[in-house]
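Which side-chain contacts hold charges and rings together here? This report goes through them in turn.

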Amino acid sequence: MRKFSNASDVLPYLDSLYGRKNVRELERYKEVLKQFKQIYGHTSAYLCSSSGRVEFVGNHTDHNGGRVLACTVSLDIVAAFCPNGTDVINIQGSNRRSISFSVRDLTKTPGCASLTKGVVAYLKGQGYHVAGFDAYTDSTIPVGAGVSSSAAFETVVGTILNELFNNGAIPIEQIAKAGQFAENEYFDKPCGLLDQSVVAVGGLVALDFADTLSYNRVQTDFSKINLVLINTGTSHANLSPLYASIPAEMKAVASYFGKQRLIEVDEQTFFANYDEVAKVVGVRPALRAKHFYEENHRVDEVQQALFVGDVNKVMELVNSSGDSSLYQLQNCAVNDSDTAIADIIKTARNICPCGARVHGGGFAGTVLCVVPTQYANHFVEQVCAIYGADKVLPLRLRSVGAIIM
């Protein structure tokens with residue numbers, strides 16, 4: 001771990017973080033260092049980056065022990081930081097409220113301060129050392145758009161505590177679980193472990209949540225496809241009850257079979273009893289469980305298609321996932337009159353051959369489009385013309401997770 005006093009020193013890191021050396025990113029680091037020095041009086045700083053993530057396929061499977069294929073992307077939170085020799089954590093940023101609290105007082109409070117406290121509380125409870133530090137952050141990850149801005153922030157906090165006070169000894173899995181704990185216990189959002197795991201690990205990652213979290217980085221050639229997110233312009237804020245209904249209903253189906261999670265229910269047994277499940281537990285819970293089993297198979301099939309470079313198969317599977325989320329998982333609208341996500345999916349598929357599906361938690365946020373490289377420029381031009389350039393996010397795969405530079 002090294003300290004930085006000049007932004008030019010970050011040049012060797014830009015390719016792995018953003019897919020290219022970029023003047024805009026260099027200016028961003030320059031501003032982060034400048035603000036950090038002015039606010040806290042330090043002459044240099046350590047630097048950390050934690051990215052957003054794209055769930056390639058595997059929509060709402062993690063919380064019931066399923067499989068997911070996801071990747072980190074070139075949108076990130078950058079933090080300049082230093083220990084301050086006290087027990088107070090201070091975090092300011094260009095696009096978030098100021099946070100300041102003692103690690104001895106970890107009671108719940110509103111907003112990002114509560115997420116920070118949750119991460120600290122988990123790591124402290126696991127026996128790791130926590131202490132005070134100063135940090136200044138800047139984020140390019142849209143808030144409330146399903147690209148894991150919260151998970152990226154939580155992982156920044158966990159990574160800083162790991163490097164400053166624990167000699168890098170905290171396992172990646174523990175940093176991810178600290179973020180999940182903060183969401184569950186301090187933010188009252190019953191999320192799984194997907195977002196934090198992908199952000200912490202980095203690259204294209206296959207994750208299996210059947211038992212303890214297991215993952216492996218998937219090596220593939222991304223030159224044949226481009227990822228584009230289209231933002232609906234609506235936020236995930238205040239939608240927690242809708243998200244909570246999905247794992248709750250899937251687990252209700254599992255409970256019908258005397259199990260806690262769907263992964264523990266034999267797939268053939270579920271389908272053999274589908275009509276009775278729909279009658280006793282409900283039609284929507286049954287459809288959501290059906291989505292779970294079919295989506296798990298799609299995760300495996302997409303990995304294979306990427307491995308052999310079958311772009312058409314990848315798009316077919318992404319579209320199949322999108323249709324399943326729309327009609328079975330039913331996380332594409334907050335009510336019957338809400339057609340924003342469905343309309344974007346239809347429009348994207350009409351522009352050129354591509355895969356399009358709701359992204360992340362759904363109900364709001366973004367649509368993920370998997371576009372063959374030969375159509376990428378045309379596709380971006382068309383969707384920008386329809387929705388506005390500020391709603392369109394062309395992305396690059398990021399090869400690393402949360403890192404200290």
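The text below covers salt bridges, then aromatic contacts.

This is a predicted model, in which local features need pLDDT of at least 70 and side-chain atom pairs count only at pLDDT 80 or more, while totals for chains, interfaces and linings use all residues. Residues are numbered from 1 along each chain as its sequence is written, and side-chain values use heavy atoms, with hydrogens and water left out.

**Salt bridges**

Side chains of opposite charge can pair when their charged atoms come close. A salt bridge here is a side-chain nitrogen of Lys or Arg within 4 Å of a carboxyl oxygen of Asp or Glu. The count comes to 19 salt bridges. Among them are the three in the table.

| Pair | Closest N to O | Sequence separation |
|---|---|---|
| R104 and D87 | 2.7 Å | 17 residues |
| E249 and R284 | 2.4 Å | 35 residues |
| D323 and R349 | 3.0 Å | 26 residues |

Helices (H or I, at least four residues) and strands (E, at least two) are DSSP runs, numbered from the N terminus. R104 sits in the loop between β4 (96-102) and α3 (112-125), and D87 in the loop between β2 (67-83) and β3 (88-93). E249 belongs to helix α7 (residues 240-256) and R284 to helix α10 (residues 283-308), so their bridge ties together parts that are 35 residues apart in sequence. D323 lies in helix α11 (residues 311-329), R349 in helix α12 (residues 340-351).

Exposure uses a 1.4 Å probe and protein chains only: buried means under 20% relative accessible area, exposed over 50%, partly exposed in between. R104 is exposed at 69%. D87 is partly exposed at 21%. E249 is buried at 14%, whereas R284 is partly exposed at 34%. D323 is partly exposed at 32%, and R349 is partly exposed at 26%.

A network of salt bridges links R24, E25, R28, D76, D138 and R398.

**Aromatic contacts**

Rings of Phe, Tyr and Trp (its six-membered ring) pair if their centres lie within 6.5 Å; planes under 30 degrees apart count as stacked, over 60 as edge-to-face and the rest as tilted. There are 14 aromatic pairs. One of them, Y46 with F81, is tilted, at 5.7 Å centre to centre and 40° between the planes. Y46 lies in strand β1 (residues 46-57) and F81 in strand β2, so this pair ties together parts that are 35 residues apart in sequence. Y46 is buried at 16%. F81 is buried at 0%.

F270 and Y274 pair edge-to-face, at 5.7 Å and 90°. Both are buried. F270, F271, Y274, F292 and Y293 form one aromatic cluster.
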